[in-house]
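Trainee: I'd like a close look at a single part of this model, please. Choose a stretch that a beginner can follow, and show me how it sits in the whole chain.

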Amino acid sequence: MIKEEHEVSVLGAPQSSAPMTTTVINIHSDTSVPDHIVWSLFNTLFMNWCCLGFVAFAYSVKSRDRKMVGDVTGAQSYASTAKCLNIWALVLGLFLSTGFIVLMGFTCLTLYQIIVKAMQDGRGYF
C-alpha cells in the first residue's frame, strides 16, 4: 500500500483590504395570514347589527379563498377588511345590545311604578 502525503498550506489574512460583506435572505416557507373566519361567524350569529357580521364573514371567506390560491397580498387585503368590519360589528353590537337592555330595564321599572300607583289609588284593574 502506498501512503499519500498531502501538503497543507496555511492561509494568511485575506489578500484584499476591502471589508467582507454578507447578505442574509429570510425566506418564509409558510406565510400565515389570519382570515378571522371564526370571529366573523360569531359576529354573524350574535352581533349582526346592520349586517356588518355577515359582510365580515363574506370577506373572511374571500380571504381564505385567496390564501388557498396562493395570492398572499389579496388574502391580506381581504383579511384586513374583515378584521375592521369585525371590530365595528362587535363594538356596535355591544353598545346597541347594552342600550337595548338598559332601555328595557327602564321600561319595566316605569310600568311597575304605574301599576303600583294604580293599585294604591284603588283604580287597579288587577
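Mentor: The protein chain has three helices and zero strands, where helices (H or I, at least four residues) and strands (E, at least two) are DSSP runs, numbered from the N terminus. Read from the N terminus on, its elements go α-α-α. This is a predicted model, in which local features need pLDDT of at least 70, side-chain atom pairs count only at pLDDT 80 or more, and totals for chains, interfaces and linings use all residues. Residues are numbered from 1 along each chain as its sequence is written, and side-chain values use heavy atoms, with hydrogens and water left out.

Let's zoom in on helix α1, which covers residues 37-46. In the segment before α1 you will find H36. Its phi is near 60°, a positive value in a residue other than glycine.

Now move along to F46, which belongs to α1. F46 counts as exposed because its relative accessible area is 56%, and the cut-offs are under 20% for buried, over 50% for exposed and partly exposed in between (1.4 Å probe, protein chains only). F46 also joins L41, F42 and L45 in a nonpolar surface patch with about 430 Å² of accessible area together. Such areas come from the Shrake-Rupley method with a 1.4 Å probe, and for residues only the protein chains shown count as cover. Patch members have over 30% relative accessible area and no salt bridge, with nonpolar side chains (Val, Leu, Ile, Met, Phe, Trp, Tyr) joined within 5 Å and like charges within 9 Å. A salt bridge here is a side-chain nitrogen of Lys or Arg within 4 Å of a carboxyl oxygen of Asp or Glu.

Follow the chain on to C51, in the loop between α1 and α2 (52-69). C51 has a phi near 60°, again positive in a residue other than glycine. At 44% relative accessibility, C51 is partly exposed.

Next, compare this part with the record. UniProt, in an unreviewed entry, places "transmembrane region" at residues 37-59 and 87-115; its positions use the numbering here, feature names are shortened, and annotations may be inferred rather than shown by experiment. In the model, residues 37-59 are 78% helix and 0% strand, with end C-alpha atoms 9 Å apart. Residues 87-115 are 100% helix and 0% strand, and there the end C-alpha atoms lie 42 Å apart.

Finally, step back to the whole chain: buried residues make up 16% of its 126 residues. The chain exposes about 10,900 Å², and carbon and sulfur atoms supply 65% of that area.
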